[in-house]
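Please consider the model shown here. A visitor and a guide will discuss parts of it.

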Amino acid sequence: MLFRTIKNTTTTLTVVAIVLVCAAVVASSIEEYEKLYLEATRGDLDGLSENLASDLVHLIASDPDMFEVTTTLLRLDRYENVKYAVVFDNNWQRLNVYFGPLFVPEELDSAIDINALKQQPLGVSVKNSELVALKLVGDARLPLGYLLIVNDLSGPLYNSKLTLFKSVLPLVLLVLFIAICVSMFIQRRLFQPLSRLSQVAKKIQDTHDYSLRIDTGGKQEVAELSRDINSMMETINAETQKNAKYTQQLKEQQKAMERLANFDGLTGLPNRQFFMETLRIELAKATRDQHNLVLMYFDLDGFKGVNDSFGHEIGDLVLMEVCNRTRNILRDGDLISRLGGDEFLILLHNEPNELELYSISERLVSGLNKPFQIQSWEVQVGVSIGIARASDSNFNVSEFISNADIAMYRSKMTGRSTHTVFVPEMMEDNKRRLLIANSISNAIKENEFSIHYQGKVNSDEKIVGYEALIRWKSEALGMVSPAEFIPIAEQSGKILSITKWVIKRVCQELAQVQKLQNNEVVVSINLSAHDIKNVGLVDYIRNMFTRFNVNNPSIEFEVTESAYLENFDIANQFLTQLREMGCSIALDDFGAGYSSLGYLTQIELNTLKIDKQFVDNLNVSKRSTLITKTIIEMAKQLNLQICAEGVETREQAEFLIENGCHQLQGYLFSKPKSLVELLDV
Ligand code: C2E
Ligand code: CA
Ligand code: CA
């Protein structure tokens with residue numbers, strides 16, 4: 001305990017050293033004193049005994065006067081340390097004896113050993129802590145007797161030493177005290193920087209404040225140590241701060257990861273995973289409590305086009321706006337989630353009745369149909385909604401979502417910006433869709449497809465071209481309309497093989513078709529928007545042209561606006577290559593879809609095909625008539641050929657020709673026919 005700290009150890013050792021030194025000094029001075037005392041006492045005794053011996057000479061010379069001798073000896077009374085004195089005659093017979101106050105007379109006989117005395121030299125000697133003076137009385141040549149004085153040495157020496165010690169002790173203690181105080185003071189001074197250092201260290205330990213610094217004063221070693229510790233602290237501080245920053249970063253990352261794991265980064269809406277988790281729990285609750293749940297699946301219409309035309313930045317802003325509007329339309333308890341892309345899922349918090357559901361859906365459709373003002377753009381998207389009830393899926397999560405998806409798909413098919421409630425019959429449709437999708441590859445292998453050609457006439461009703469339209473006579477499904485299987489093929493990634501098949505077949509049959517008219521009629525091939533993304537397709541077309549010796553300008557390709565809307569640059573690149581090969585390009589179904597007139601000037605087209613719906617409405621709706629007129633006018637200004645589709649009546653034909661339409665296509669002139677049928681005519 002005492003030696004635990006350096007300070008205590010050195011202080012203790014210093015005190016011990018001082019005490020030892022003092023003790024040594026006192027001891028040596030006592031020893032010195034003892035010598036001096038002995039010397040002095042010896043001198044005194046020598047003188048005294050000498051005097052007494054000479055005084056005794058005449059007293060014992062002749063007839064010894066014992067009284068006088070006794071009186072003389074009594075002079076020794078003044079010397080308190082004299083134990084006894086004996087006067088002998090020259091035959092060592094005792095003449096007289098003196099006893100000091102400390103001596104017991106009975107002990108005299110045992111104390112005196114005559115024989116030893118006889119041997120003892122004259123003078124003063126020390127014997128058994130006694131000072132013994134033996135003097136000759138008289139002359140050596142004529143000795144009269146002997147005087148023996150025995151002086152106590154130990155008692156007086158002890159007393160004298162004690163006195164000395166007593167007188168010296170306060171001084172010694174004072175010196176000791178001062179020395180200890182001084183030493184402790186110095187120690188303190190020396191150790192102060194060290195204790196300061198330890199205090200700071202303790203404080204750092206308690207507060208974890210590594211910015212604290214130690215005073216670098218004090219002796220060189222301590223100052224150096226303090227400096228070293230300070231620089232170490234600086235490093236620790238820097239490291240700690242770095243660590244703290246790193247920890248903070250880690251925490252933020254962890255939070256971000258959690259957010260990422262459960263929430264959509266763009267809209268902040270719960271993501272698929274979070275939604276599925278919640279849905280699972282809600283379904284379990286609903287099964288238990290026997291209530292129904294309603295799920296809405298919605299997908300934006302034309303969102304890809306927004307991304308491609310305005311860029312992803314605007315696309316993202318649109319998604320955020322969609323999310324805001326949806327939130328405003330729905331109630332607080334409804335769970336909205338973004339599945340990814342432009343697909344959203346909504347779990348309604350209660351089970352609305354038919355009417356309420358209709359109202360919610362209508363509000364969503366009309367709310368999201370309104371144009372978005374984003375930066376300086378006005379952007380419009382629509383929404384197709386599919387609605388499903390949990391009871392229709394036996395409260396099974398994936399079936400529940402799948403049903404909503406099927407209903408959503410139905411909305412998309414029946415014309416965008418609408419909502420459809422799932423009914424079990426749709427499952428049948430879905431099954432059929434799956435069956436169709438799965439049968440396509442086999443249909444190509446089994447040669448179930450064929451081409452029908454529908455003539456296009458000019459204003460003189462002379463056939464100037466044919467549109468190649470695919471037909472499918474499926475062994476399992478019977479006749480399947482392209483209007484049904486083409487969208488399914490597009491969605492299931494099978495369209496490219498169909499397109500290739502059509503291109504090949506048209507190239508094969510081209511010569512025969514052209515021969516029919518004895519001229520170079522142009523045959524149009526429909527391309528899907530999905531085909532445009534396929535770079536290899538241009539090479540395929542080139543190969544087929546070479547293989548079947550096709551005169552390139554005899555082929556026209558029809559594409560819909562959606563091909564451009566999905567990715568303008570890619571579509572333009574693709575179609576420019578075809579144009580460079582000498583083929584012409586027609587924009588199909590114009591007016592039916594987005595009709596973004598703006599880009600018409602930016603793409604290289606030959607023909608604009610006015611969609612059947614306008615032709616149908618000619619003379620029925622003034623608006624339609626006006627729009628058709630405007631389209632024709634505008635196309636003329638852009639130097640485009642105009643072809644009207646779906647012409648079924650004379651009136652329609654007349655109107656269109658009157659207004660400057662170059663080509664007409666429709667049942668009025670010719671229905672799509674197989675090559676065999678065509679050759680039959
Ligand atoms: P589309 O490209 O607009 O083709 C015109 C459609 O209108 C054809 O239907 C045609 O038979 C029909 N049609 C033509 N004139 C009249 C008319 O006067 N009245 C009526 N009611 N309909 C008329 P189809 O052959 O059923 O094809 C439907 C759609 O399927 C086509 O529309 C086209 O988008 C797609 N399609 C057909 N063949 C192919 C193909 O080989 N490749 C691709 N990618 N799509 C094709
Ligand atoms: Ca077409
Ligand atoms: Ca068309």
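The exchange below concerns a helix pair and a strand.

Guide: This is a predicted model, in which local features need pLDDT of at least 70, side-chain atom pairs count only at pLDDT 80 or more, and totals for chains, interfaces and linings use all residues. Residues are numbered from 1 along each chain as its sequence is written, and side-chain values use heavy atoms, with hydrogens and water left out.

Visitor: How are α1 and α2 oriented, roughly parallel or roughly antiparallel?

Guide: Helix α1 (residues 6–60) packs with helix α2 (residues 66–74) at about 170 degrees, their axes 9 Å apart. Angles run from 0 to 180 degrees between N-to-C directions, and those over 145 count as roughly antiparallel. Therefore α1 is, relative to α2, roughly antiparallel.

Visitor: Which residues in α2 meet α1?

Guide: Contact means heavy atoms within 4.5 Å. From α1, Leu52, Asp55, Leu56, Leu59 and Ile60 take part, and their counterparts in α2 are Glu68, Val69 and Thr72.

Visitor: How many residues of strand β11 are buried?

Guide: Buried means under 20% relative accessible area (1.4 Å probe, protein chains only). One side of β11 has Gly382, Ser384, Gly386 and Ala388 buried, and the other Val383, Ile385, Ile387 and Arg389. Strand β11 (residues 382–389) is thus largely enclosed by the rest of the structure, the buried count being 8 of the 8 residues.

Visitor: Which residue in β12 stands opposite Ile387?

Guide: Two strands pair if DSSP finds at least two bridges between them. Strand β12 (residues 419–421) and β11 pair in the parallel sense over 3 bridges. Opposite Ile387 in β12 stands Val421.

Technical notes. Chains lettered and ligands numbered in written order. Helix = DSSP H or I, 4+ residues; strand = E, 2+ residues; numbered from the N terminus. Parallel < 35°, antiparallel > 145°, perpendicular 65-115°, else oblique. Buried < 20%, exposed > 50% of the residue type's maximum accessible area, 1.4 Å probe, protein only.
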